[in-house]
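This report describes how the helices of one model are built and how they pack. Please look at the sequence and the structure before reading on.

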Amino acid sequence: MANISFPRQFLYIAAATVGAKVGWEFASDYNMFVKIISALIGFYISLTIAAFIVKVIFKKDL
C-alpha cells in the first residue's frame, strides 16, 4: 500500500463517493444494472479527476 497522507486519502474518498452518487442519480430512471454501471463510471471519472488535481496542482504523485 502506498504511503498517502490523510488529506489526500480524504480527497480521494470524497471524490469517489460523490462520483458514484452522481452516477447513481444520473441513471435513476433505469434498472439496477444500469445504475451500478453508471455509478462505477462516475466513481472512476471522479477518482481520475481527483488524482489529476493532486498531481498537477499540488505537484505530488500517487
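## Basis of the description

A helix is here a DSSP run of H or I with at least four residues, and such runs are numbered from the N terminus. The model is a predicted one, and serine 38 lies in its helix H2.

## Helix H1

Helix H1 covers residues 6-26. Its 21 residues should span 30 Å at 1.5 Å a residue, and this agrees with the end C-alpha atoms of H1, which are 30 Å apart.

The buried residues of H1 are Arg8, Tyr12, Ala15, Ala16, Gly19 and Gly23. Because they cover an arc of only 95° around the axis, these residues are on the same side of H1. An α-helix has 3.6 residues a turn, so residues three or four places apart point the same way. On the face of H1 turned away from the buried side are the exposed residues Phe6, Pro7, Phe10, Ile13 and Val18.

Threonine 17, also found in helix H1, has a relative accessibility of 49% and therefore counts as partly exposed, given that exposed means over 50%. The C-alpha atom of threonine 17 is separated by 10 Å from that of leucine 40, although the two residues are 23 residues apart along the chain.

## Helix H2

Helix H2 comprises residues 32-56, and for these 25 residues the expected span of 36 Å, at 1.5 Å a residue, agrees with the 36 Å between its end C-alpha atoms. Its buried residues are Lys35, Ser38, Ala39, Gly42, Ser46, Ala50 and Val54.

Serine 38 has a relative accessible area of 14% and is therefore buried, the cut-off being under 20%. Apart from residues up to four places away in sequence, serine 38 touches Gly23, Trp24, Phe26 and Ala27.

## Packing of the two helices

The buried residues of H1 pack against H2, and those of H2 in turn pack against H1. The two helices, H1 and H2, pack at an angle of about 145°, with their axes 6 Å apart, and their crossing is right-handed.

On the H1 side, the residues that meet H2 include Arg8, Leu11, Tyr12, Ala15, Ala16, Gly19 and Trp24, while the H2 residues in this contact include Met32, Lys35, Ile36, Ser38, Phe43, Leu47 and Val54. Sorted by class, the contact of H1 with H2 has 15 nonpolar, 5 polar and 2 charged residues.

Notes: Residues are numbered from 1 along each chain as its sequence is written. This is a predicted model: local features need pLDDT of at least 70, side-chain atom pairs count only at pLDDT 80 or more; totals for chains, interfaces and linings use all residues. Side-chain values use heavy atoms; hydrogens and water are left out. The expected span of a helix is 1.5 Å times one less than its number of residues. Buried means under 20% relative accessible area, exposed over 50%, partly exposed in between (1.4 Å probe, protein chains only). Contact means heavy atoms within 4.5 Å. The arc is that of the directions from the helix axis to the C-beta atoms. Axes are lines fitted to C-alpha atoms, for helices over the stretch in contact, and angles run from 0 to 180 degrees between N-to-C directions. A crossing is left-handed if the near helix is turned anticlockwise from the far one by less than a right angle, and right-handed if clockwise. Ala, Val, Leu, Ile, Met, Phe, Trp, Tyr, Cys and Pro count as nonpolar, Asp, Glu, Lys and Arg as charged, and the others, Gly among them, as polar.
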